[in-house]
Each structure stands twice: as C-alpha cells, then as structure tokens.
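Please look at the sequence and the three-dimensional structure shown here, and then read on for a guided report on some of the features that can be worked out from the atoms.

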Amino acid sequence: MIAYLLRGEVILYYGDEVGLQQSTTSQLDIDGGFETMNWNPDADSVKISNFYKQLGNIHGMINQTSETNTDDAIYKTEGGIFAFKRDQYIVVANLDDNNAEFDLKSEFLLPDNVTLIVKCSTPNSGLVLDEPILPSTFTAVGTSGYVMKF
C-alpha cells in the first residue's frame, strides 16, 4: 500500500493483484515458482483485485494533484509508524504488531475534518471507506495501513 501512494510508478509482481501465492510444488524450475493464473477468480481474488484497483485510482488522483503542488511531508515515529502527506492525502502505515496512537492533526497541521478512505491490514481485508475521523486521536492498529483525505 505504501508503494502505491508514494511518488513514481507502481510495480506489481505476477499475480499480486489477485492474491496468487508462491508455488511450493516441484514445478519451481518450470514455472518460476508461481501458481498458474486462475482465470476463474474466487471471491477473495475479486476482492483483492478491486482493492488494488481502488489504490490505483487513489495513486492516479494523488499524482495528478501532486504535479502542481509539492507539499509533501514525511513523518516517522517510534513504534513502527511511517506516515506521509501528499497534497490533501495522509498515508499511515503501522509496521509494528502493537497499536499506536498519535495526533495526526498537530503532526501534519490538519483541519478538523478528515475522512478515512482506505483501511487495510492485509490485501484480503482492504476496505474502501468514506468515514469521518478525528485526527487528534488517531489509533493505528498493529500491522495496518490507512489513507485519509482532508
């Protein structure tokens, strides 16, 4: 999720967009270690694919507005939090297993009205939301990521 929302091009490995796993069979030498693409996706594959499409849309929106505005800020705290601001978007990743609470409002000088648009702990659980939050008391759940718009 972080790579999708930083500057630059996004690179996906074969099958990431539908949740393919690396193969554990003896076919490693033949197929490069990956399962064969399933062209009849199950519900999880569709969910993962839709999540990546949504991240791609957000990436496009951020890059469109960022070409004219270089108002980027990076913030990193103890406890595994990596966060950055690009124009009117905030991306927060908690890389630690423990929850972390901090004040986004003071760190990024945000207004009171912030909307959580993506919440993700794994690609299978990526949720596209439109949920108002209070940036002064934000809690990032362990090993999760968030995209907010203000």
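## Overall build

Of the 150 residues that make up the protein, 36% count as buried. The model is a predicted one, and the values in this report should be read with that in mind. The protein contains four helices and eight strands, and when the elements are followed from the N terminus on, their order is α-α-α-β-β-β-β-α-β-β-β-β. Among the contacts in the protein with a separation of 6 or more, residues that are 24 or more positions apart account for 61%. The area that the protein exposes is about 9000 Å², and carbon and sulfur atoms supply 52% of this area.

## The largest pocket

Rolling a probe the size of a water molecule over the atoms shows where empty space is left. In this model, the largest pocket holds about 190 Å³ of space. This pocket is lined by 11 residues, and the closest to its centre are M1, A3, Y4, L12 and Y52. Which elements each supply at least two residues of the lining? They are α1, which covers residues 2-5, and α3, which covers residues 43-66. Helix α3 gives the most to the lining, with three residues. When the lining is divided by the kind of residue, the result is 11 nonpolar residues, no polar ones and no charged ones.

## V10 and its surroundings

V10 is found in the loop between α1 and α2, the latter being residues 28-31. Is V10 buried, partly exposed or exposed? Its relative accessibility is 26%, and V10 therefore counts as partly exposed, since that class lies between the limits of 20% and 50%. If the neighbours of V10 within four places in sequence are left aside, the residues in contact with V10 are A3, Y4 and H59. Two of these contact partners, A3 and Y4, were also named above among the residues closest to the centre of the largest pocket. V10 and G56 are 46 residues apart in sequence, while their C-alpha atoms are 8.5 Å apart in space.

## The loop between β7 and β8

G142 has its place in the loop between β7, residues 138-140, and β8, residues 144-149. With a relative accessible area of 11%, G142 is buried, because buried means under 20%. Leaving aside its neighbours within four places in sequence, G142 is in contact with N94, D96, D97, N98 and N99. T143 also has its place in the loop between β7 and β8. The relative accessible area of T143 is 38%, so this residue is partly exposed. T143 is not a glycine, and yet it has a positive phi of about 45°.

## Around helix α4

What is the phi of L109 near? It is near 50°, a positive value in a residue other than glycine. L109 has its place in the loop between α4, residues 104-108, and β5, residues 114-120. This residue is exposed, with a relative accessible area of 74%.

The protein has one salt bridge by the rule used here. The partners are K105 and D112, and their closest N and O atoms are 2.2 Å apart. K105 has a relative accessibility of 30% and counts as partly exposed, whereas D112 is exposed, with a relative accessible area of 56%.

## Pairs separated along the chain

The table sets out, for several pairs of residues, the separation in sequence beside the C-alpha to C-alpha distance in space.

| Pair | Apart in sequence | C-alpha to C-alpha |
|---|---|---|
| V10 and G56 | 46 residues | 8.5 Å |
| G142 and D97 | 45 residues | 4.2 Å |
| T137 and F102 | 35 residues | 6.1 Å |
| R86 and A73 | 13 residues | 6.9 Å |

In the pair of G142 and D97, the two residues are also in contact. R86 lies in strand β2, which covers residues 81-86, and at 3% relative accessibility R86 counts as buried. T137, for its part, lies in the loop between β6, residues 127-133, and β7. The relative accessible area of T137 is 46%, so T137 is partly exposed.

Key
Residues are numbered from 1 along each chain as its sequence is written. This is a predicted model: local features need pLDDT of at least 70, side-chain atom pairs count only at pLDDT 80 or more; totals for chains, interfaces and linings use all residues. Side-chain values use heavy atoms; hydrogens and water are left out. On a 1 Å grid over the protein atoms alone, a cavity is a set of points where a 1.4 Å probe fits but cannot get out, and a pocket is an open set with protein on both sides within 12 Å along at least five of seven lines; lining residues have an atom within 4 Å of a point. Grid points are joined across faces, edges and corners, and a volume is the space filled by probe spheres set on the points. Ala, Val, Leu, Ile, Met, Phe, Trp, Tyr, Cys and Pro count as nonpolar, Asp, Glu, Lys and Arg as charged, and the others, Gly among them, as polar. A salt bridge is a side-chain nitrogen of Lys or Arg within 4 Å of a carboxyl oxygen of Asp or Glu. Buried means under 20% relative accessible area, exposed over 50%, partly exposed in between (1.4 Å probe, protein chains only). Contact means heavy atoms within 4.5 Å. Accessible areas come from the Shrake-Rupley method with a 1.4 Å probe; for residues, only the protein chains shown count as cover.
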